Amino acid sequence: QVRLVESGGGLVQPGGSLRLSCAASGTIFTIDAMGWYRQAPGKQRELVAQITSGDSTNYEDSVKGRFTISRDAAKNTAYLQMNSLKPEDTAVYYCKAVLRTTAWSTRRDYWGQGTQVTVSS
């Protein structure tokens with residue numbers, strides 16, 4: 001079994017910062033990538049940032065220069081440092097891990113339960 005647990009969400013004023021964490025646990029052979037997605041009310045879920053096992057990263061255009069994704073491979077944990085937050089960043093943020101549970105298994109996506117980020121004065 002694999003479990004992803006997010007933390008770090010909350011209420012912050014515009015211009016403020018938050019740091020999200022996503023810890024993967026359970027039967028994990030290798031993690032190929034971890035990413036953060038978000039879904040605002042009435043909108044589709046969108047990719048915010050992703051980091052691969054080789055530390056390649058990509059970001060959604062609106063967060064470039066403000067958000068930074070990183071990982072601690074030893075802890076199977078990904079982080080999202082969010083600076084200069086704007087009201088339009090308000091959403092539920094979900095963590096996704098693309099991983100294999102054994103050497104012979106195929107890669108699968110696993111999702112966390114989500115954490116609310118609200119940017120408001």
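User: In the hairpin of β5 and β6, which residue takes a positive phi?

Analyst: Asp55 does, with phi near 70°. This is a predicted model, so read the angle as computed. Four residues lie between the two strands of this hairpin.

User: How do β5 and β6 pair, and over how many bridges?

Analyst: The pairing is antiparallel, and three bridges make it up. Strand β6 covers residues 57-59. To find one bridge by eye, go to Ile51: Thr57 in β6 is its partner.

User: What about the other side of β5? How many bridges join β4 to β5?

Analyst: Six bridges, again with the strands running antiparallel. Gly35 is a good place to look, since Gln50 of β5 stands opposite. The hairpin of β4 and β5 has six residues between the strands. There Gly42 takes a positive phi, near 75°.

User: Now the whole chain. How many helices and how many strands does the protein have?

Analyst: Zero helices and eleven strands. The pattern along the sequence is β-β-β-β-β-β-β-β-β-β-β.

User: How do I judge the overall dimensions? What radius of gyration does the protein have?

Analyst: The general idea is to compare with a compact globule of 121 residues, which would have a value near 14 Å. The protein has 14 Å, so the two agree. The C-alpha trace spans about 50 × 25 × 25 Å along its principal axes. Accessible surface comes to about 6,500 Å², and carbon and sulfur atoms hold 46% of that.

User: What share of the residues count as buried?

Analyst: 39% of the 121 residues. The general rule for what goes inside: nonpolar side chains tend to be buried together in soluble globular proteins. Here the largest nonpolar core has 28 residues. Trp36, Leu80, Met82 and Tyr93 touch the most other members. Elements giving two or more residues to this core include β1 (2-7), β3 (18-26), β4 (30-39) and β5 (46-52). Also on that list are β7 (67-72), β8 (77-82), β9 (91-100) and β11 (115-119).

User: Which element gives the largest share of this core?

Analyst: β9, with five residues.

User: Which residues does Leu80 contact, leaving aside its neighbours within four places in sequence?

Analyst: Among them are Leu18, Leu20, Trp36, Val48, Phe67, Ile69 and Tyr93. Take the pair with Ile69: the two C-alpha atoms are 4.6 Å apart, though eleven residues separate them along the chain.

User: Is Ile69 buried or exposed?

Analyst: Buried, because its relative accessibility is 4%, below the 20% cut-off. Ile69 is in strand β7. Beyond four places in sequence, its contacts include Met34, Gly35, Trp36, Gln50, Ile51, Thr57 and Tyr59. Notice residues from the bridges discussed earlier: Gly35 stands opposite Gln50, and Ile51 is partnered with Thr57.

User: Where is Cys95, and what does Cys95 touch beyond four places in sequence?

Analyst: Cys95 is in strand β9. Its relative accessibility is 0%, so Cys95 counts as buried. Cys95 touches Leu4, Glu6, Cys22, Met34, Gly35, Trp36, Tyr110, Trp111 and Gly112.

User: How far apart are Cys95 and Val5, in sequence and in space?

Analyst: 90 residues in sequence, and 8.1 Å in space from C-alpha to C-alpha. For the wider view, take contacts with a separation of 6 or more. Residues 24 or more positions apart account for 54% of them.

Note on methods. Residues numbered from 1 in each chain as written. Predicted model: local features only at pLDDT ≥ 70, side-chain atom pairs only at ≥ 80, totals over all residues. Heavy atoms only, no water. Core = buried A, V, L, I, M, F, W, Y, C linked by side-chain atoms within 4.5 Å. Buried < 20%, exposed > 50% of the residue type's maximum accessible area, 1.4 Å probe, protein only. Contact = heavy atoms within 4.5 Å. Pairing = 2+ DSSP bridges. Rg over C-alpha atoms; globule rule 2.2 N^0.38 Å. Areas by Shrake-Rupley, 256 points an atom, 1.4 Å probe, with all protein chains shown as cover.
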